[in-house]
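Here are my notes on this model. Please read them with the structure open.

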Amino acid sequence: MLLEKAHATLPKGGALIVYESIIDDERRENAFGLMMSLNMLIETTGGFDFTGADCQTWLREAGFLQTRVEPLTGLDSMVIAIK
C-alpha cells in the first residue's frame, strides 16, 4: 500500500500531508466533495471520495502515530500524519 511505503520512507517524527477536498465525517457539508464521490462511483467500480475519519484510519493502519484533519480555506482540507 502507498501509505505503508510512505511511512517506511519517513524518518521518526516525519510528516505526511494529504491535501484533498475531503468529505466531512457525517457526509453532509462538502457538496463538492460529495459530487466528486458520486463521480468516482459512476466512473469506477467501488470508487468513492473519503472522509477525514477514513483517511485517519488508513494512516494509523499504515503505522502513523498521530493524525489530524485541518480545514483550509475554500473546499480543501489536509490530513497531517506524524510517524
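Leaving aside neighbours within four places in sequence, which residues is His7 in contact with? The points below start there; note that the model is predicted.

1. **His7 and its contacts.** The contacts of His7 are Ala62, Gly63, Phe64 and Lys83, once its neighbours within four places in sequence are set aside. His7 itself sits in helix α1, which covers residues 2-9.

2. **Burial of His7.** His7 has a relative accessibility of 16%. Buried means under 20%, so His7 counts as buried.

3. **Strand pairing.** Strand β1 (residues 15-20) runs antiparallel to β3, and 6 bridges join them. Strands β2 and β3 are also antiparallel, paired over 6 bridges. Two positions help to fix the register. Ile17 is opposite Ile80 of β3. Pro71 has Ser77 in β3 as its bridge partner.

4. **The β2-β3 hairpin.** This hairpin has 5 residues between its strands. Gly74 adopts a positive phi there, near 75°. Leu72 also lies in the loop between β2 (66-71) and β3 (77-82).

5. **Exposure of Leu72.** Is Leu72 buried, partly exposed or exposed? Its relative accessible area is 32%. The partly exposed class lies between the 20% and 50% cut-offs, so Leu72 is partly exposed.

6. **A nonpolar surface patch.** Leu72 joins Ile17 and Tyr19 in a nonpolar patch on the surface. Together the three have about 310 Å² of accessible area. Ile17 thus appears twice in this note: in the patch, and opposite Ile80 in the strand pairing.

Key
Residues numbered from 1 in each chain as written. Predicted model: local features only at pLDDT ≥ 70, side-chain atom pairs only at ≥ 80, totals over all residues. Heavy atoms only, no water. Helix = DSSP H or I, 4+ residues; strand = E, 2+ residues; numbered from the N terminus. Buried < 20%, exposed > 50% of the residue type's maximum accessible area, 1.4 Å probe, protein only. Contact = heavy atoms within 4.5 Å. Patch = residues over 30% accessible without salt bridge, like charges linked within 9 Å, V, L, I, M, F, W, Y side chains within 5 Å. Areas by Shrake-Rupley, 256 points an atom, 1.4 Å probe, with all protein chains shown as cover. Salt bridge = Lys/Arg side-chain N within 4 Å of Asp/Glu carboxyl O. Pairing = 2+ DSSP bridges.
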